[in-house]
Amino acid sequence: LVNEVGFRLFAAGVRLREPADGLERAVIDDCMVAGLRHISAMRQLQRHPPQPLKPAGLDEAVAIARRLEDFFAAPGLGVPTLFPELPGCGWVDRCYADALAGSTLFEIKAGDRGFRSADVRQLLCYCALNFAAKRYQISHVCLVNPRTGRYVGESLDAMSKHLAGRSATELLAQIVHYVSDAPDRYTAS
């Protein structure tokens with residue numbers, strides 16, 4: 001919840017052109033409610049509904065938002081588009097990525113951990129959905145962890161070649177084909 005609220009505070013600050021630590025209490029409360037709603041919707045947490053952040057948790061969320069502000073203030077990035085919508089494809093529903101700045105798609109992972117292969121797969125799925133819809137020009141991807149101060153980015157084509165031995169166009173087309181097939185095709189009978 002701290003991470004989710006931190007990202008939503010960052011997004012509100014970008015939208016309102018205010019630093020996260022200068023947002024009005026009503027905006028902070030809206031971010032908290034949206035974060036609680038989002039986390040509550042996750043299946044694995046339905047048994048134990050999350051509780052609103054205590055003051056220390058809110059301070060931590062503001063610190064995450066401030067680090068994201070610093071990251072995206074880097075020269076050349078520009079103001080990011082937050083929550084860019086990606087239309088669904090096949091059995092994958094419409095979804096929202098974290099941020100798009102220029103031609104780079106960013107995924108924010110604020111946990112106290114390193115990046116995982118699942119994070120890369122998430123970025124590739126977003127890129128495949130965009131590839132099918134041709135909505136945005138995405139040529140680079142970047143994972144950012146504002147909690148640890150780490151990020152890793154690469155061109156989509158180079159990452160595809162490193163991971164799958166094929167160009168981004170080939171890999172993304174293959175992912176689109178996979179999600180466009182009937183989902184029961186891949187289940188054991």
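Phe83 sits in the loop between strand E1 (81–82) and strand E2 (85–86), and this spot makes a convenient doorway into the structure, which is a predicted model. The backbone at Phe83 has a positive phi of about 55 degrees, although the residue is not a glycine. As a rule, most residues other than glycine have a negative phi. With a relative accessible area of 30%, Phe83 counts as partly exposed, because that value lies between the limits of 20% for buried and 50% for exposed. Phe83 also appears among the residues touched by Arg8, once residues up to four places away in sequence are set aside.

A second residue with a positive phi is Arg17, where the angle is near 60 degrees and the residue is again other than glycine. Arg17 belongs to the loop between helices H1 and H2. Its relative accessibility is 75%, so Arg17 counts as exposed. Arg17 also takes part in the lining of the second largest pocket, which is taken up again below.

Arg8 offers a contrast in setting. This residue is found in helix H1 and is buried, with a relative accessible area of 18%, because buried means under 20%. Besides Phe83, the residues that Arg8 touches are Cys31, Ala34, Gly35 and His38, again leaving out residues up to four places away in sequence. Arg8 has a further role in the picture, as one of the residues closest to the centre of the largest pocket.

That largest pocket has a volume of about 1,000 Å³. It is lined by 33 residues, and the closest to its centre are Glu4, Arg8, His38, Met42 and Asp98. Arg8 and His38, both in that central group, also touch one another. Several elements contribute to the lining: helix H1 (2–16), helix H2 (25–40), strand E5 (104–108) and helix H4 each supply at least two residues. The largest share comes from H1, with eight residues. Sorted by class, the lining of the largest pocket has 19 nonpolar, five polar and nine charged residues.

The second largest pocket holds about 200 Å³ of space. Its lining is made up of Phe10, Gly13, Val14, Arg17, Glu18, Glu69, Phe72, Ala73, Gly78, Val79 and Pro80. At least two of the lining residues are supplied by H1, and at least two by helix H3 (55–72). H1 gives the most here, with three residues. H1 thus has a part in both pockets, giving the largest share of the lining in the largest pocket and the most in the second largest. The lining of the second largest pocket divides into six nonpolar, two polar and three charged residues.

Turning from pockets to enclosed space, the structure holds one cavity of 30 Å³ or more. About 40 Å³ of space lies in this largest cavity, and the residues around it are Val92, Cys125, Ala128, Leu129, Ile175 and Val179. Two elements give two or more residues to the lining, namely helix H4 (117–133) and helix H6 (168–180). The most comes from H4, with three residues. By class, the lining comprises six nonpolar residues, no polar ones and no charged ones.

Cys125, one of the residues lining the cavity, is found in helix H4. Its relative accessible area is 38%, which means that Cys125 is partly exposed. The C-alpha atoms of Cys125 and Val176 are separated by 8.5 Å, while the two residues are 51 residues apart along the chain.

Helix H6, which contributes to the cavity lining, also packs with another helix. Helix H5 (residues 156–164) and H6 meet at an angle of about 70 degrees, and their axes are 8 Å apart. Angles from 65 to 115 degrees count as roughly perpendicular, and H5 and H6 are therefore roughly perpendicular to each other. On the H5 side, the contact involves Leu156, Asp157, Ser160 and Ala164, which meet Ala168, Leu171 and Leu172 in H6. By class, this contact has five nonpolar residues, one polar residue and one charged residue.

Note on methods:
Residues are numbered from 1 along each chain as its sequence is written. This is a predicted model: local features need pLDDT of at least 70, side-chain atom pairs count only at pLDDT 80 or more; totals for chains, interfaces and linings use all residues. Side-chain values use heavy atoms; hydrogens and water are left out. On a 1 Å grid over the protein atoms alone, a cavity is a set of points where a 1.4 Å probe fits but cannot get out, and a pocket is an open set with protein on both sides within 12 Å along at least five of seven lines; lining residues have an atom within 4 Å of a point. Grid points are joined across faces, edges and corners, and a volume is the space filled by probe spheres set on the points. Helices (H or I, at least four residues) and strands (E, at least two) are DSSP runs, numbered from the N terminus. Ala, Val, Leu, Ile, Met, Phe, Trp, Tyr, Cys and Pro count as nonpolar, Asp, Glu, Lys and Arg as charged, and the others, Gly among them, as polar. Axes are lines fitted to C-alpha atoms, for helices over the stretch in contact, and angles run from 0 to 180 degrees between N-to-C directions. Angles under 35 degrees count as roughly parallel, over 145 as roughly antiparallel, 65 to 115 as roughly perpendicular and the rest as oblique. Contact means heavy atoms within 4.5 Å. Buried means under 20% relative accessible area, exposed over 50%, partly exposed in between (1.4 Å probe, protein chains only).
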